[in-house]
Amino acid sequence: MELVVYGMKACPDCVEALEELDRRGIRYVYKEFSEATANLKEFLKYRDSSEIFDEVKAEGGIGIPCFVLPDGRVTLSFDEAVLM
(Lines give C-alpha, C1' and ligand atoms only; values in the text may rest on other atoms or scores of the structure.)
Protein backbone atom coordinates (compact mmCIF):
# COMPACT_ATOMS: atom_id res chain seq x y z
CA MET A 1 0.00 0.00 0.00
CA GLU A 2 1.21 3.48 -0.82
CA LEU A 3 0.83 6.74 1.04
CA VAL A 4 -2.66 8.16 0.50
CA VAL A 5 -3.30 11.89 0.64
CA TYR A 6 -6.80 13.33 1.01
CA GLY A 7 -7.41 16.95 0.15
CA MET A 8 -8.51 19.65 -2.25
CA LYS A 9 -6.55 21.50 -4.89
CA ALA A 10 -8.22 24.69 -3.61
CA CYS A 11 -6.38 24.20 -0.29
CA PRO A 12 -2.95 25.89 -0.28
CA ASP A 13 -1.65 23.47 2.39
CA CYS A 14 -2.65 20.51 0.22
CA VAL A 15 -1.00 21.97 -2.88
CA GLU A 16 2.19 22.66 -0.93
CA ALA A 17 2.24 19.13 0.54
CA LEU A 18 1.75 17.52 -2.89
CA GLU A 19 4.48 19.67 -4.44
CA GLU A 20 6.89 18.70 -1.66
CA LEU A 21 6.04 15.00 -2.00
CA ASP A 22 6.74 15.30 -5.73
CA ARG A 23 10.05 17.14 -5.08
CA ARG A 24 11.14 14.37 -2.73
CA GLY A 25 10.09 11.64 -5.15
CA ILE A 26 7.68 10.08 -2.67
CA ARG A 27 5.00 7.95 -4.29
CA TYR A 28 1.43 8.60 -3.20
CA VAL A 29 -2.18 8.30 -4.24
CA TYR A 30 -4.03 11.60 -4.16
CA LYS A 31 -7.75 11.56 -3.36
CA GLU A 32 -9.19 14.92 -4.45
CA PHE A 33 -12.60 15.72 -2.99
CA SER A 34 -13.87 17.61 -6.04
CA GLU A 35 -13.12 14.70 -8.37
CA ALA A 36 -15.31 12.13 -6.62
CA THR A 37 -17.66 12.20 -3.67
CA ALA A 38 -16.35 8.72 -2.84
CA ASN A 39 -13.03 10.36 -1.94
CA LEU A 40 -14.79 12.75 0.42
CA LYS A 41 -16.79 9.92 1.98
CA GLU A 42 -13.59 7.90 2.60
CA PHE A 43 -12.00 10.94 4.27
CA LEU A 44 -15.06 11.58 6.43
CA LYS A 45 -14.88 8.03 7.78
CA TYR A 46 -11.36 8.77 9.04
CA ARG A 47 -12.34 12.23 10.29
CA ASP A 48 -15.39 10.98 12.16
CA SER A 49 -13.59 8.09 13.86
CA SER A 50 -10.11 9.38 14.69
CA GLU A 51 -9.17 11.48 17.71
CA ILE A 52 -6.46 13.26 15.73
CA PHE A 53 -9.18 15.41 14.17
CA ASP A 54 -10.75 16.52 17.48
CA GLU A 55 -8.74 19.73 17.82
CA VAL A 56 -9.13 20.60 14.13
CA LYS A 57 -12.90 20.11 14.32
CA ALA A 58 -13.12 22.14 17.54
CA GLU A 59 -11.40 25.01 15.72
CA GLY A 60 -13.78 24.72 12.76
CA GLY A 61 -11.16 23.24 10.42
CA ILE A 62 -11.40 20.43 7.93
CA GLY A 63 -8.23 18.45 8.63
CA ILE A 64 -6.53 18.44 5.24
CA PRO A 65 -4.18 17.45 3.96
CA CYS A 66 -4.76 14.12 5.62
CA PHE A 67 -2.23 11.35 5.17
CA VAL A 68 -2.94 7.63 5.48
CA LEU A 69 0.36 5.81 5.86
CA PRO A 70 1.04 2.46 4.21
CA ASP A 71 0.55 0.74 7.57
CA GLY A 72 -2.93 2.28 7.90
CA ARG A 73 -2.10 4.96 10.46
CA VAL A 74 -3.72 8.36 9.87
CA THR A 75 -1.83 11.62 10.42
CA LEU A 76 -2.18 15.30 9.73
CA SER A 77 1.58 15.74 10.01
CA PHE A 78 3.50 16.10 6.76
CA ASP A 79 6.73 15.28 8.59
CA GLU A 80 5.30 12.01 9.91
CA ALA A 81 4.02 11.14 6.43
CA VAL A 82 7.41 11.55 4.81
CA LEU A 83 9.24 9.62 7.53
CA MET A 84 7.07 6.55 7.01
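## A helix residue to start from

At 45% relative accessibility, R24 counts as partly exposed. This is a predicted model, and R24 is a handy place to begin reading it. Helix α1 holds both R24 and E20, which sit 4 residues apart, or about one turn of the helix. Their side chains meet in a salt bridge, with 2.7 Å from N to O. E20 is partly exposed as well, because its relative accessible area of 21% falls between the limits of 20% for buried and 50% for exposed.

The pair has company: a network of salt bridges links E20, R23 and R24.

## Salt bridges between separate elements

How many salt bridges are there in the model? The count comes to 7. One of them joins the side chains of R27 and E2, at 2.9 Å from N to O. This pair links distant parts of the chain: R27 belongs to the loop between α1 (12-24) and β2 (28-32), while E2 is in the segment before β1 (3-7), and their positions lie 25 residues apart in the count along the chain. R27 is exposed, with a relative accessible area of 62%, whereas E2 is partly exposed at 30%.

Another salt bridge brings the side chains of E42 and K31 together, at 3.0 Å from N to O. E42 lies in helix α2 (residues 37-49) and K31 in strand β2, so this contact ties together parts that are 11 residues apart in sequence. For E42, the relative accessibility is 28%, so this residue counts as partly exposed.

## A negative patch on the surface

Which residues gather in a patch of negative charge on the surface? They are D13, E16, E19 and D22. Of these, E16 is found in helix α1. With a relative accessible area of 53%, E16 is exposed, because the cut-off for that label is over 50%.

## A cis peptide bond

Now for a feature of the backbone. Most peptide bonds are trans. Here, however, a cis peptide bond joins I64 and P65, with omega at about 0°. Where along the chain does P65 have its place? P65 is in the loop between α3 (54-58) and β3 (66-68).

## The chain as a whole

Stepping back, the protein chain has 4 helices and 4 strands. Their order along the sequence follows the pattern β-α-β-α-α-β-β-α. Taken along the principal axes, the C-alpha atoms fill a box of roughly 35 × 25 × 20 Å.

How does the radius of gyration of the chain, with its 84 residues, agree with that of a compact globule? A compact globule with 84 residues would have a radius of gyration near 12 Å, and the protein chain has 12 Å, so the two agree. As for burial, 39% of the 84 residues count as buried.

## The end of the chain

Finally, M84 is found in the segment after α4 (78-82). Is M84 buried or partly exposed? M84 is partly exposed, with a relative accessible area of 44%. The C-alpha atoms of M84 and R73 are separated by 9.9 Å, and these two residues are 11 residues apart along the chain.

Key: Residues numbered from 1 in each chain as written. Predicted model: local features only at pLDDT ≥ 70, side-chain atom pairs only at ≥ 80, totals over all residues. Heavy atoms only, no water. Salt bridge = Lys/Arg side-chain N within 4 Å of Asp/Glu carboxyl O. Helix = DSSP H or I, 4+ residues; strand = E, 2+ residues; numbered from the N terminus. Buried < 20%, exposed > 50% of the residue type's maximum accessible area, 1.4 Å probe, protein only. Patch = residues over 30% accessible without salt bridge, like charges linked within 9 Å, V, L, I, M, F, W, Y side chains within 5 Å. Areas by Shrake-Rupley, 256 points an atom, 1.4 Å probe, with all protein chains shown as cover. Lys, Arg positive; Asp, Glu negative; His and termini not counted. Charge placed at Lys NZ, Arg CZ, Asp CG, Glu CD. Rg over C-alpha atoms; globule rule 2.2 N^0.38 Å.
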